[in-house]
Number of protein chains: 2
Amino acid sequence: MSQPTEHTPERPSGRAVPTSADVARLAGVSRATVSYVLNNTSTVRISEPTRRRVREAAEELGYVPHAAARSLRAGHSRMVLLPTSHVPVGPLYSQFFDEFQWALRRLDYTVVQYGSVGLEAEEAARAWAELRPVAVVSLGEVRLTGQGVEILKRSGARAVITLGAQGVEGTHALVMDQGRVGEVATAHLVESGRRRIGVVIPEEPGLAMFSGPRLDGARRAARGTDATVVPLPLRYDEESANELAARWRELGLDAVFAYNDEYAMLLMRALQDVGLAVPEEVAVVGADDLLLGRLLRPRLSTVRIDMVLGRELAELVDRAVREPEVPPRTRSLLASQVVRRESS
Amino acid sequence: MSQPTEHTPERPSGRAVPTSADVARLAGVSRATVSYVLNNTSTVRISEPTRRRVREAAEELGYVPHAAARSLRAGHSRMVLLPTSHVPVGPLYSQFFDEFQWALRRLDYTVVQYGSVGLEAEEAARAWAELRPVAVVSLGEVRLTGQGVEILKRSGARAVITLGAQGVEGTHALVMDQGRVGEVATAHLVESGRRRIGVVIPEEPGLAMFSGPRLDGARRAARGTDATVVPLPLRYDEESANELAARWRELGLDAVFAYNDEYAMLLMRALQDVGLAVPEEVAVVGADDLLLGRLLRPRLSTVRIDMVLGRELAELVDRAVREPEVPPRTRSLLASQVVRRESS
DNA sequence: ACGTGTCACTGACACGTGTAACTAAATCGT
DNA sequence: ACGATTTAGTTACACGTGTCAGTGACACGT
């Protein structure tokens, strides 16, 4: 549904944006010389006085090179595209992200986040491909299909990397084994003598790709024991939590893995408000190891998920770009461990 | 027929990304026709059979247009650049952000977030200018100097918009009056009979541009009354909070405005742990109105800051782009109000 | 004087796209 | 029947940049 855009060719207040030709004219040299000077090309020798004249002219005009023209000519770019839909950001994700960006910049890549909020998977892939990125790193929130990967590679992307709950065919996939999170949490509860274990499933749709595998992991941990697992849908608001707490006794649960620390705090408060003792009557375990969980009474037990380091991921991107012939591999990250505090 | 020079020795069957010329060849038409068909140009008439052939050829080759070449030719892009240094976490910001992106996309803009982590202000502005965005929207975390604005405008940006604690010369500035936040919080405490009021100043450097004005606002509210304001530096960890709580009695404070809800929770827990009663001995007020604050006992009083709506901001961007001749104005957003719960 | 280098540049082309200007054929109006 | 108009395209150029292949001018060795 792209209707032709009526663009307005009128220029604001006359002066056009300066190009390297303008710099050349002002410095009294050819355009080629300008290019050589400003890029510090080492294969060509330009005298020092000329270099100075060119630099001064560029400075005076406020010349800034045109990235699109440059990468068009070069036939390739050093742009790494990070698709972002809606990010349920936490502090540890935020830190990872900063480090990742910093490391990529240090490797001389240009990091661009491209939001594609309301688009279908293939439609989005096409939009990304238009930018001709050298690599695409999808951080889990966006589903990228094999079809989409094919479009991207055909458009010149030398590496497609996904970091998420499940791998994608044709990509360097880092699978953060969400099942493992549910598994260790549940195993911990079983070992502590709990038998009827609830698992909170957030109703927020963006979280389904995490919560599903976590529930599966919980079931895996319960298998072979006499413990049972009960899924508990929950919205992130007080009303929903109170409702769940109100029918807690009829559910007959003696423990709950609450998806993450925020849902855990929400639910724990509701449970306490209806007179249930934590951890005596109900054990509660969250995930993410937020600072705030330590401030509660009882202190919240949690699962600490060790994120991949930003620097490592950046190096993976760089390697994949420089050696596109090595076939993509799927690797699992399964560093998750329970931090036991007082609530379990 | 003038035979075109076949300057490509490598076959497109291998690893060449298809261009509109390839589509034209396959469909047996000229490149111009391909462009007309794929862009639905209404000023030129192309027969339906030809249209179909072109579309099929494009589909078969997996053709995706080259955005850089397109905007180079067009002389302008519809890209809105959002510089982001470190992502400020928070649910209300996240929601605002999604809505903003969605609204801009709906207005046919391309939203690109560009991270410039370790760069100086002017250096960063130059990097942004290279991308030739039609508009730049700075969301507060990054300081953008008047110098930087000049660079951007000279590079063709038709609108520069800043949303933050203070305005920037030459931009459409939306100033979120942080002083007002401290002012209403303090005024509330004074009206409740408190006289010695602490104001938490986070030591995290990125927050200085918010905490400074908030402190000033607090002082403003105390002026003309017999209340006094005491700045309290604090790190976001338990140790720092405990330290502060330990010397609370010697400080002789009967209230604290804790910068935001997270710092408030941290400090309130530390105060309670040393035996101080909230709110009887110390009143605590946070800011941001997080859900978690409502789960504490006592429930946390807070300042709700009404963010500008994403859709509104998107419309402002669009207006500024279409009418670059209207001079930029600075507007203040001062919708902040205290939500009184139990901690004050 | 002559070839051979070196120095300091310049001319020209290609990258992929959009569009104004042109053209050859078909159709129409009278 | 013949110019005028419409149809369905094509040719050619421009956008801003990087870089290969020259090209004078001058120095040097013999």
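In strand 2 of chain B, Q113(B) is the bridge partner of Q113(A). Strand 2 of chain A (residues 110-115) and strand 2 of chain B run antiparallel and are joined by three bridges; strands pair if DSSP finds at least two bridges between them, and helices (H or I, at least four residues) and strands (E, at least two) are DSSP runs numbered from the N terminus. This is a predicted model, where local features need pLDDT of at least 70, side-chain atom pairs count only at pLDDT 80 or more, and totals for chains, interfaces and linings use all residues. Residues are numbered from 1 along each chain as its sequence is written, chains are lettered from A in the order in which they are written, and side-chain values use heavy atoms, with hydrogens and water left out.

Now step back to the two chains. A turn of 180° and a shift of 0.0 Å along the axis lay chain B on chain A with an RMSD of 0.1 Å (least squares on the C-alpha atoms of residues with pLDDT of at least 70 in both). That is the relation of a two-fold axis.

The contact (heavy atoms within 4.5 Å) takes 62 residues from chain A and 60 residues from chain B. Of the interface residues of chain B, 90% are also interface residues in chain A, so the copies meet through the same surface.

What about charges? Two salt bridges are counted between chain B and chain A, a salt bridge being a side-chain nitrogen of Lys or Arg within 4 Å of a carboxyl oxygen of Asp or Glu. D273(A) forms a salt bridge with R297(B), with the closest N and O atoms 2.8 Å apart.
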